[in-house]
Amino acid sequence: MNTGLVLSGGGFRGIAHIGVIKALNEYGFEITHIAGTSAGAIIGAMYAGGLDWKQILQFIKKINIFSINNYAVGKPGFVDTEKFYKQFSVFFPDDNFKSLKIPLFITATNILDGSLKVFTEGELIRPILASAAFPGVFTPLKIADEYYVDGGALNNFPVDLIKNYCDQIIGVYVNPFLKIGIEQLKHSFNVLERAYKIRSAKDSLSKFGDCHLIISPEDLINHSTFSITDVDAVFELGYKAAITAIENPDNILESKKTN
């Protein structure tokens, strides 16, 4: 049985994906296909490359995104996306989709012509970085002769990329969309984040019906896209939400433990 794992974008909230992976491993699920966007592309790629949840979490804790050494100079953005290449090359020395243990599908947005690009082969690291390059914060990344930014701008929950390959799909959506109070929009980036979530929610929520299991921790609403604190708390939210979903008696998923 082919089991697909779809990991949405969500910035810092994407750490919850790691907690979900821990739970899936404990319950014996064998993932055969992965589709990811933005933070989901990063976590999905590392898992597809053979890293376990502990290694992925350790890497996320060590990476200092907003270090002054990563600031962009003469580029459109605050953080230079290109500067993270070396850190990822440690885990992907071959820098090619062929080196992965699980087929991976990554989305990115061509900032020049506005089209969606799906990466499934060829060089690996730059597509990962491009998929997570939140517009205005991270600089667009050049791949071949085009420039790419966050895949979430056009497809933040890429269920459609693998649904024809899988018998069952586990969708992990880390952008819970609830009504908020005006007091929660304290800064300009809060407004930007909210507008971005409104845009992606309409398309993403319509894909829930294609998933056999949805894991979407509602408490993630209390964590910002750009926050870099409470890593362990966000990880636990993903882990606990996954266990709750898996143990739901209405769950129709099959794992190795139940086959």
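How exposed is K75, by relative accessibility? K75 comes out at 39% relative accessibility, so it counts as partly exposed. Keep in mind as you explore that this is a predicted model.

Let's see what K75 is doing. Its side chain meets that of D80 in a salt bridge, with 3.1 Å from N to O. The partner sits in another kind of setting: D80 has a relative accessible area of 7%, so it is buried, because anything under 20% is given that name. Side chains of opposite charge can pair when their charged atoms come close. A search of the whole structure turns up seven salt bridges, so there are others to visit, each with N and O within 4 Å.

Now find R126 in the viewer. R126 forms a salt bridge with E123, and their closest N and O atoms are 3.6 Å apart. Both ends of this pair are partly exposed: R126 has 22% relative accessibility, and E123 has a relative accessible area of 30%. There is a third member to look for here, as salt bridges with shared partners join E82, E123 and R126 into one network.

The next stop is a pair that links distant parts of the chain. The side chains of D160 and K207 meet in a salt bridge, at 3.0 Å from N to O. These two residues are 47 apart along the chain. D160 lies in the loop between β6 (146-150) and β7 (168-172), while K207 lies in the loop between α6 (188-205) and β8 (213-215). D160 is partly exposed at 35% relative accessibility, whereas K207 is buried, with a relative accessible area of 9%.

Leaving the charges behind, turn to the surface. I111, L112 and Y147 make a nonpolar surface patch of about 280 Å². One of its members, I111, is in the loop between β3 (104-110) and β4 (116-119). With a relative accessible area of 43%, I111 is partly exposed.

Finally, let's look at two helices. Two packed helices are described by the angle between their axes and the distance between the axes. Here the helices are α1 (residues 16-26) and α7 (residues 231-246), whose axes come within 6 Å and cross at roughly 40°. Angles under 35 degrees would count as roughly parallel and 65 to 115 as roughly perpendicular, so α1 and α7 are oblique to each other. The crossing also has a hand: α1 passes α7 in a right-handed way.

Conventions: Residues numbered from 1 in each chain as written. Predicted model: local features only at pLDDT ≥ 70, side-chain atom pairs only at ≥ 80, totals over all residues. Heavy atoms only, no water. Buried < 20%, exposed > 50% of the residue type's maximum accessible area, 1.4 Å probe, protein only. Helix = DSSP H or I, 4+ residues; strand = E, 2+ residues; numbered from the N terminus. Patch = residues over 30% accessible without salt bridge, like charges linked within 9 Å, V, L, I, M, F, W, Y side chains within 5 Å. Areas by Shrake-Rupley, 256 points an atom, 1.4 Å probe, with all protein chains shown as cover. Axes fitted to C-alpha atoms, helices over the stretch in contact; angles between N-to-C directions. Parallel < 35°, antiparallel > 145°, perpendicular 65-115°, else oblique. Left-handed = near helix turned anticlockwise from the far one by under 90°.
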